[in-house]
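This report introduces a structure to a reader who meets it for the first time. It proceeds by topic, beginning with the aromatic rings.

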Amino acid sequence: MKKQIVFIALAAALMVACTQKTNNQNEDKMKQVEMTQEWDKVFPKSDKVDHRKVTFTNQYGITLVADMYVPKKDPLAEEGESDSIVKFPAIAVSGPFGAVKEQSSGLYAMCMAERGFVTIAFDPSFTGESSGEPRRTASPDINTEDFMAAVDFLSQQPNVDAERIGIIGICGWGGIALNAAAADTRIKATVASTMYDMTRVSGNGYFDADNNEEARYKARKAMSEQRLKDAAAMAGGVVDPLPEDAPQFVKDYHDYYKTTRGYHARSGNSNDGWRAIGTQAFANARFLYYTNEIRSAVMVMHGEKAHSRYFGEDAYKYMVNGNPAAGIKPNPCPDNKQLLIIPGASHCDLYDGGYTEAAGKGESKNLIPWDTLADFFENNM
């Protein structure tokens, strides 16, 4: 009997040890990342900033990889001054939805660093060089946490003023940025550029054309069947080859993601999109519910000709006015909220400033008002 008890105890201990080992292996696998060290962005490197790769971990144990951009020291600074630690205001950037930090978010981060901010552009969980399995997956909750984990990281940097941190979300990450700003009071200023509300478009379709129970039921049924049919199947991404009758905004996406202007090998939008069920949670969730309670500064920036303009305008109106008919009060701090419409700009023009059709890569229309963005952050953080 005594031998049997000892055997059972040993077996139990071995099982616990094996379980712990397996858990540790899974944890290590999640945290392992491979970082490309050479410059592989779709934009040229500025000689006004220093650049390096960094990593940080969100509360779900996913390791995020980011590019950090720091303003170069002033060569004319007084002797000894350049050796002291200067604390800069800081900005975390991500987006567009399905893109990577080597594309638009990296450009935003670099251009803001040129104007005196420490910045990071990060790959979201499950995307690019960041960890997380399965790949090409998104989550309203985890992606909002990604922004807050970026704020955690910046707050701990010796050259960052932890009381002056802002965020920029581009395209689908514009809505995620507003969601993060509503949740995290450490975020002192937020820019949502050419934003999508991914929960709204996932649940309602474009321009709310499918905002009815029957349409949502059909979409849910198809997604439910897909989970059993082939959960690893890929879907979405930018249409290629481009149909002759494609809408202009589809042509704009193709012009950015499928040409040398913005193509990148790790970008879902440049390649095969997402797992077909990888964004399922967005259709059954809703961002922006508490954005009418954001007390910190917010700028919603959109292009005049953007097909997505209604997302930004509606988000701004709700954020400032609430919805009194539904008992949702106006914002207590409306004066630091602004809507900036860029004349002549399309959705993708605000990814990189826009490029003339004949000019090709490297010649921008300069439609992104970088100095205006810098002033917004400088004045509100």
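## Aromatic rings

Across the whole of this predicted model, a search finds 24 aromatic pairs. One of them is formed by Phe249 and Tyr253, whose rings meet edge-to-face, with 6.2 Å from centre to centre and 80 degrees between the planes. Both residues belong to helix α7, where they stand four residues apart, about one turn of the helix. Phe249 has a relative accessible area of 23% and is therefore partly exposed. Tyr253 has a relative accessible area of 13% and is therefore buried.

A further edge-to-face pair is that of Phe376 and Phe377, with 5.4 Å between the centres and 70 degrees between the planes. Phe376 is buried, with a relative accessible area of 4%, and Phe377 is buried, with a relative accessible area of 0%. The two pairs are set out below.

| Aromatic pair | Centre to centre | Angle between planes | Arrangement |
|---|---|---|---|
| Phe249 and Tyr253 | 6.2 Å | 80 degrees | edge-to-face |
| Phe376 and Phe377 | 5.4 Å | 70 degrees | edge-to-face |

Phe249 and Tyr253 also take part in a cluster linked by ring pairs, together with Tyr196, Tyr206, Phe207, Tyr310 and Phe311. Another kind of ring contact involves a lysine: Lys41 lies over the face of Trp39, at 5.4 Å from the ring centre.

## Helix α7

Helix α7 spans residues 248-257. Its buried residues are Val250, Asp252, Tyr253, His254, Tyr256 and Tyr257. Against which helices do the buried residues of α7 pack? They pack against α2, residues 104-114, and α10, residues 349-352.

## Strand β2 and its partners

Is strand β2 enclosed or open to the outside? Nine of the nine residues of β2, which covers residues 63-71, are buried, so the strand is largely enclosed by the rest of the structure. Both of its faces are covered. On one side the buried residues are Thr63, Val65, Asp67, Tyr69 and Pro71, and on the other they are Leu64, Ala66, Met68 and Val70.

Strand β2 pairs with β1, residues 49-57, through nine bridges, and the two strands run antiparallel. Within this pairing, Thr57 has Thr63 of β2 as its bridge partner. The hairpin of β1 and β2 has five residues between the strands, and Gly61 in this hairpin takes a positive phi near 80 degrees. Strand β2 also pairs with β4 in the antiparallel sense, over four bridges. In that pairing, the bridge partner of Ala66 is Phe122 of β4.

## Backbone features in the loops

Most residues other than glycine have a negative phi, and most peptide bonds are trans. The residues described next depart from these habits of the backbone.

A cis peptide bond joins Gly95 and Pro96, with omega about -5 degrees. Pro96 is placed in the loop between β3, residues 88-94, and α2. The bond from Glu133 to Pro134 is likewise cis, with omega near -5 degrees. Pro134 lies in the loop between β4, residues 118-122, and α3, residues 140-155.

Leu288 is not a glycine, yet its phi is positive, at about 75 degrees. This leucine, Leu288, is found in the loop between α8, residues 280-283, and β9, residues 297-303. Is Leu288 buried or exposed? With 11% relative accessibility, Leu288 counts as buried, because buried means under 20% relative accessible area.

Asn366 is a residue other than glycine with a positive phi, near 60 degrees. Asn366 is found in the loop between α10 and α11, the latter covering residues 370-380. At 62% relative accessibility, Asn366 counts as exposed, because exposed means over 50% relative accessible area.

## Cysteines

How many disulfides does the structure hold? The structure holds zero disulfides. Cys171 is in no disulfide, and the nearest cysteine sulfur, that of Cys348, is 7.5 Å away. A disulfide requires sulfur atoms within 2.5 Å. Cys171 counts as buried, at 5% relative accessibility, whereas Cys333 counts as partly exposed, at 26% relative accessibility.

Terms used:
Residues are numbered from 1 along each chain as its sequence is written. This is a predicted model: local features need pLDDT of at least 70, side-chain atom pairs count only at pLDDT 80 or more; totals for chains, interfaces and linings use all residues. Side-chain values use heavy atoms; hydrogens and water are left out. Buried means under 20% relative accessible area, exposed over 50%, partly exposed in between (1.4 Å probe, protein chains only). Contact means heavy atoms within 4.5 Å. Two strands pair if DSSP finds at least two bridges between them. Rings of Phe, Tyr and Trp (its six-membered ring) pair if their centres lie within 6.5 Å; planes under 30 degrees apart count as stacked, over 60 as edge-to-face and the rest as tilted. A charge sits over a ring if NZ of Lys or CZ of Arg is within 6 Å of the ring centre and within 35 degrees of the ring normal.
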